[in-house]
Amino acid sequence: MTLTAPAITPAAAVNRLTADDDLFLKLHSLYGNALVNQLAWRFDEPLSRELLDRFHAQLAHGFLARRVQGTRVPFARPYWVPAAASIPLGWDTVPVAEDEVLDWYFAQSRVDFDPAAGSVWRLSAAPTATGGTLVSLVTSHVASDGGAVLFAVGDALARLAEEPDRTVSSGSLVGRAPRNTVGANISDAVLQLRAVARGIRAALAARAVTEPGRTPRPADPELPLPDRWSPADAVVHLSLDQWNSIAAAHSGTTNGLLIALGAGLLGRSGRVGDAADIRVDIPHSMRTADDPRANATTGLPISVRYRATDRIDLGAVRAAVKRAATAYRDPATTPALQHLQPLQMILPRFVLRHFARTATAPECLCTNLGDTAQGVADFAGHRAAAVLMRPVVCTNDPAMFRRVEVGVNLSFSTDGRTVTLAVTGADPDRFPTRAALRALLTAEFDFWGLTPHYW
């Protein structure tokens, strides 16, 4: 298959950080690389170093090649400028055995990103013991959400036969420094203060609007674990026909079954009890054509009732998703906290550090990528046998995971025949090992009549 490079419209203005960019940047300053995104490929055939070098060069001149430029004017937002350097291609020569594939992918998350320097992505590859190739692209959430990664990679793959050129590739959208830096930053500071005022007024008007609550994490049991613990992960292949058939049989959708599996897994683990209402967060892309934003995703939170002896009600899940989507389109029914994003951007770091001590992570995060990942499966005629996209929760102190009350993350993608499901269990006392997570997953799949095939 021959990919044609898309036409790119050059950015005409300074590309300021969004509220989400700013939040991820502040979290990075507090926690480092606690969470990264990973796009991963499995090829049944060998890929040459020369091909991966060309891919790396295109990425280094594309949409991901950006760094944060700070400002000295109070309240003015930082902006994106092109990065002049990148982390070199990681090229492993020792073949990876089949039972070590997940460990190799997870090991690629051990990278120190620096948004100010532009070190915000890393490409690596390794041969497999069966003659194939593993490829991993790990990215900082400060500089790109999932949609940004897919856009950048699609553009890079389409340009593999061309010389890298930032002016005609997706790199042209990254942005530039303002011509009159001081004047532009003063103007932006004024605009930000006006946005803060509007946000406060909107938040006051919506103060009666509430978001779904979350179930508190039980303190016990607390397992004896090492000082550094890696969340349990699993990658599963399932039949898309079987998946959709089971969803339809229970008056649900493809997305609804994904949400039900996440909530069921959380309940099955003992994290919540019978009749608990689980908050499920569903990322929703707001990205448009030639969108320059690093992060252009919003989240739709819904409440899902867990029953220990019954399947999650897929009809109720579908109705809850529709209600949430409708509510978040109207400022009057959008929760007050969402309106305060401009205020969040101007808060000093010591204030955010105070809030960070009580902040919580999603208890159940379900991302449905559909078939979008298949648009980046072809490397100059070499088609990946599987494409995986997932958030990677990195190794840390178990006490930190308990404090932020992180639960489970599920990422769904399909090639039209097979579902690839990535699951991370980041509660150290409910998913202490990969084997424990896999046992719970297998039981949940069996409960729904799904047949899993694990990596």
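This is a guided walk through the fold of one protein chain, from its overall build to a few single residues. Keep in mind as you look around that the model is predicted.

Let us begin with the whole chain. Its secondary structure comes to 13 helices and 17 strands. The radius of gyration is 22 Å, close to the 23 Å that the globule rule gives for 455 residues, so the chain is as compact as a globular protein of that length. If you follow the C-alpha trace along its principal axes, it spans about 65 × 60 × 45 Å. Of the 455 residues, 50% count as buried. The accessible surface comes to about 19600 Å², and 56% of that belongs to carbon and sulfur atoms. How do the contacts relate to the order of the sequence? Among contacts between residues at least 6 apart in sequence, 80% join residues at least 24 apart.

Now let us look at some strands. Strands of a sheet pair through backbone hydrogen bonds, and the pairing can be parallel or antiparallel. A good place to start is strand β16, which covers residues 418–425. Is this strand mostly covered or mostly open? Seven of its eight residues are buried, so β16 is mostly covered. Strand β16 has a partner in strand β8 (residues 232–239), and the two pair in the antiparallel sense over eight bridges. To find this pairing in the model, look for V236, whose bridge partner in β16 is L421. Strand β15 (residues 408–414) also runs antiparallel to β16, joined to it by seven bridges. Here you can look for L410, which stands opposite V423 in β16.

The chain passes from β15 to β16 through a hairpin with three residues between the strands. One residue in this turn, G416, has a positive phi of about 95°. The side chains of D415 and R417 meet in a salt bridge, at 3.5 Å from N to O. D415 is partly exposed, with a relative accessible area of 26%, while R417 is exposed, at 60%.

Another sheet is built from strands early in the sequence numbering. It is an open sheet of three strands in the order β1-β4-β3, with antiparallel pairing. Which strands lie at its edges? They are β1 (15–16) and β3 (66–69), because each of these pairs on one side only. Two bridges join β1 to strand β4 (residues 79–82), and N15 stands opposite W80 in β4. Moving on from β1, you come to T18 in the loop between β1 and α1 (19–31). T18 counts as buried because its relative accessibility is 16%, and the cut-off for buried is under 20%. Leaving aside neighbours within four places in sequence, T18 is in contact with R293, N295 and M345.

Next come the charged residues. Side chains of opposite charge can pair when their charged atoms come close. The count for this model comes to 25 salt bridges. In one of them, the side chains of E222 and R402 meet at 3.6 Å, N to O. E222 lies in the loop between α5 and β8 and R402 in helix α12 (residues 398–404), so this pair ties together parts that are 180 residues apart in sequence. The two partners differ in their surroundings: E222 is exposed, with a relative accessible area of 54%, whereas R402 is buried, at 15%. Both also belong to a network of salt bridges that links R217, E222, R271, R402, D427, D429 and R430.

A second pair brings us back to strand β8. R390 forms a salt bridge with D233, with the closest N and O atoms 3.2 Å apart. R390 lies in strand β14 (residues 386–393) and D233 in strand β8, so the pair ties together parts that are 157 residues apart in sequence. Are these two residues buried or exposed? Both R390 and D233 are buried.

Our last stop is on the surface. V182, I186 and V190 form a nonpolar patch there, with about 240 Å² of accessible area together. I186 has its place in helix α5 (residues 181–205). With 44% relative accessibility, I186 counts as partly exposed.

How values were computed: Residues are numbered from 1 along each chain as its sequence is written. This is a predicted model: local features need pLDDT of at least 70, side-chain atom pairs count only at pLDDT 80 or more; totals for chains, interfaces and linings use all residues. Side-chain values use heavy atoms; hydrogens and water are left out. Patches are made of residues with over 30% relative accessible area and no salt bridge: like charges are joined within 9 Å, nonpolar side chains (Val, Leu, Ile, Met, Phe, Trp, Tyr) within 5 Å. Accessible areas come from the Shrake-Rupley method with a 1.4 Å probe; for residues, only the protein chains shown count as cover. A salt bridge is a side-chain nitrogen of Lys or Arg within 4 Å of a carboxyl oxygen of Asp or Glu. Helices (H or I, at least four residues) and strands (E, at least two) are DSSP runs, numbered from the N terminus. Buried means under 20% relative accessible area, exposed over 50%, partly exposed in between (1.4 Å probe, protein chains only). Contact means heavy atoms within 4.5 Å. The radius of gyration is taken over C-alpha atoms; the globule rule is 2.2 Å times the number of residues to the power 0.38.
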